[in-house]
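Let's take a look at one helix and what sits against it. Keep the viewer open while you read.

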Amino acid sequence: MPDRFPQGLPPRRSVDHEIELISGVKPPAKCPYRMSPPELAELRKQLDELLEAGFIRPSKASFGAPVLFQRKHDGSLRLCVDYRALNKVTV
């Protein structure tokens, strides 16, 4: 492991990243499900921290992936993103 991690994302390139799907397949679309108020607050907190740190940026993708939380040993919540449906239709 490196001693220090990068402070943000690499510089913007001339071409944006694109997820290539299998020809003729529509991206998976599921109805959003309800989260409990503590989970929703934790999701907003983690997303704000990641955006502020520069580790993520807003997406222009026409599809998304469901998220869930797993409780850690110390009682905090670990964010888990379920990309299985998207992975099935990705080239």
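## A buried glutamate

E42 is found in helix α1. Keep in mind that this is a predicted model. Is E42 buried or exposed? With a relative accessible area of 17%, E42 counts as buried, because the cut-off for buried is under 20%. Setting aside neighbours within four places in sequence, E42 is in contact with F69 and L77.

## The helix itself

Helix α1 covers residues 37-53, which makes 17 residues. From first C-alpha to last, α1 reaches 24 Å, close to the 24 Å expected at 1.5 Å a residue. After α1 comes G54, with a positive phi near 85°.

## Two sides of α1

Which residues of α1 are buried? They are E42, L43 and Q46. Looking down the axis of α1, these buried residues fall within an arc of 105°, so they line one face of the helix. That fits a general rule: an α-helix has 3.6 residues a turn, so residues three or four places apart point the same way.

Over on the other side of α1, you'll find P37, R44 and E52 exposed.

## What the buried face packs on

The buried residues of α1 pack against two strands, β1 (67-71) and β2 (77-81). Take L43: not counting residues up to four places away in sequence, L43 touches M35, V67, F69 and L79.

L43 also belongs to the largest nonpolar core, which has 5 residues in all. Its other members are M35, V67, F69 and L77. In soluble globular proteins, nonpolar side chains tend to be buried together.

Methods
Residues numbered from 1 in each chain as written. Predicted model: local features only at pLDDT ≥ 70, side-chain atom pairs only at ≥ 80, totals over all residues. Heavy atoms only, no water. Helix = DSSP H or I, 4+ residues; strand = E, 2+ residues; numbered from the N terminus. Expected span 1.5 Å × (residues − 1). Buried < 20%, exposed > 50% of the residue type's maximum accessible area, 1.4 Å probe, protein only. Arc of directions from axis to C-beta. Contact = heavy atoms within 4.5 Å. Core = buried A, V, L, I, M, F, W, Y, C linked by side-chain atoms within 4.5 Å.
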